[in-house]
Amino acid sequence: MIDLRSDTVTQPSREMKEFMINAQVGDDVFSEDPTVNELQDYAARFFGMEAALFCASGTQTNQIAINVHVQPGGEVICHEESHIYKYEGGGIARNSGASVRLLTGDRGRLNVEAISKWVNNPEDVHFPLTQLVSLEDTANRGGGAIYDIEEIKKISSFCKENNFPLHLDGARLMNALVETKINPKEYASNFDSISLCLSKGLGAPVGSLLIGSSSFIKKSRRVRKVFGGGMRQAGIIAAGGLYAMKYNVNRLKEDHDHAKLLEATLLELKWVKSILPVQTNIVVIELEFPEKRDEIITELLKDGIRIMAFGPGMLRMVTHLDVSPDDIKKVQKALCELTV
Ligand SMILES: *Cc1c(COP(=O)(O)O)cnc(C)c1O
């Protein structure tokens, strides 16, 4: 099977598993797991921030960050298709009792003009207090679109001037950084908190990191415990994340090259109406005949290729470290031979 449904399907490599087996572990609720501590320190240094916290998932890191930044009744500004709103089970309301202001924006991205229009006047008692802006980079629903760093800088300055924090859902931040070659420290300096997935393109089996100031991470540790995310000998899984951070970042470029090859093939096909221009490892296809979506998925399955429905008349393919150059050739061939 060539599984292009998501970059979450990656299997830990033999080298990664060996690294995990050999990890030193301790009780991380006591902050005594040396491997978890090493991963957290590594990530904090990588982004030039003070501290980091290893968590179970990207949903958990996002939800913890929102809970720390926002009071009940406060408001979070985010894109209408952002993961924090669309794919986290209503967690903003459920976990933090907060309201959301959903904005539209090109390919999952916000701009400072749109944000500034929707910041509520804190002197008017009618309105919820705007307490957080959250961005997503790369933007999943935007087909792996990357933010322009100049826009991020503008949004960051705006948030500072207005005294509310800026969070990044950086589930696929490494894909953006590898592609733009922007210095991670320069990039991170724009944010108060960053969530980073280790179990997507980076190939670790479990885990995400929340990164920020020491005082923010101290509060986040408390919320992680309340959310049931305090893990004991977590070094065994954190080791997979540490291996991923050390050895699997630069190779993301290969996944981007693979996605661009798929894009080039797809653009030639009659049943493809359009593709969101590929920037990273996500290919989003709009179909000429929307009703054929499930048939295309079934046909490709017969060739041993799994892809995913991505809304009405839309399909998604995601490249990752378990997809080889040969696999890409096979997929290209199957796509060309598909008759719909
Ligand atoms: C995958 C993902 C997350 C986190 O998902 P988990 O499955 O909870 O780890 C968060 N944001 C985005 C944009 C994602 O793609």
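This report walks through a predicted model of a protein chain, from its domains to its pockets and some backbone details.

## Two domains

The protein chain is divided in two. Domain 1 covers residues 11–247. Domain 2 covers residues 251–337. These bounds come from an automatic or database domain assignment.

The C-alpha centres of domain 1 and domain 2 lie 28 Å apart. The two domains touch: 20 residues from domain 1 and 17 residues from domain 2 take part in the contact.

## The seven-stranded sheet

One sheet of the model is open and has seven strands. Read across, the order is β2-β8-β7-β6-β5-β3-β4. The pairing is mixed. At the edges sit β2 (51–55) and β4 (99–103), and each of these pairs on one side only. Neighbouring strands in this sheet are turned by 20° against each other on average, direction ignored.

Take one pair from this sheet. Strand β3 (residues 75–79) runs parallel to β4, and five bridges join them. Within this pair, Glu75 has Ser99 of β4 as its bridge partner. Strands of a sheet pair through backbone hydrogen bonds, either parallel or antiparallel.

A helix also meets the sheet. Helix α2 (residues 34–46) lies across β2 and β8 (208–212). Its direction makes about 130° with β2.

## The four-stranded sheet

A second open sheet is built from four strands, in the order β9-β10-β13-β12. Here the pairing is antiparallel. The edge strands are β9 (272–275) and β12, each with pairing on one side only.

Strands β10 (residues 282–287) and β13 (residues 314–318) are antiparallel partners, with five bridges between them. In this pair, Val284 stands opposite Arg316 of β13. Two helices accompany the sheet. Helix α12 (residues 252–266) lies across β9, β10 and β13, at about 15° to β10. Helix α13 (residues 293–302) packs on the sheet and touches β10, β12 and β13. The direction of α13 makes about 35° with that of β13.

## The largest pocket

Where does the largest pocket lie? Domain 1 (11–247) and domain 2 (251–337) both give residues to its lining, so the pocket lies between them. Its volume is about 350 Å³.

The largest pocket is lined by 24 residues. Closest to its centre are His83, Asn140, Arg172, Lys200 and Arg316. Arg316 has already appeared, as the residue of β13 opposite Val284. By class, the lining of this pocket holds six nonpolar, 10 polar and eight charged residues. Both α3 (58–69) and β12 (308–309) supply at least two residues of the lining. The most come from α3, which gives three.

## The second largest pocket

The second largest pocket has a volume of about 160 Å³. Its lining has 13 residues. Which of them are closest to the centre? They are Phe46, Met174, Val178, Val249 and Asn250.

Three helices each supply at least two residues of this lining: α2, α8 (173–180) and α11 (235–247). One of them, α2, is the helix that lies across β2 and β8. The lining of the second largest pocket divides into 10 nonpolar, one polar and two charged residues.

## Backbone details

Two spots in the loops deserve a look. The first is a cis peptide bond, which joins Asp137 and Thr138. Omega there is about 0°. Thr138 sits in the loop between β5 (130–136) and α7 (149–161). Strand β5 belongs to the seven-stranded sheet.

The other spot is Ser31. Its phi is near 60°, a positive value in a residue other than glycine. Ser31 is in the loop between α1 (14–21) and α2.

Conventions: Residues numbered from 1 in each chain as written. Predicted model: local features only at pLDDT ≥ 70, side-chain atom pairs only at ≥ 80, totals over all residues. Heavy atoms only, no water. Pairing = 2+ DSSP bridges. Axes fitted to C-alpha atoms, helices over the stretch in contact; angles between N-to-C directions. Contact = heavy atoms within 4.5 Å. 1 Å grid on protein atoms, 1.4 Å probe; cavity = no way out; pocket = protein on both sides within 12 Å on 5 of 7 lines; lining within 4 Å. Points joined across faces, edges and corners; volume = space filled by probe spheres on them. Nonpolar A, V, L, I, M, F, W, Y, C, P; charged D, E, K, R; others polar.
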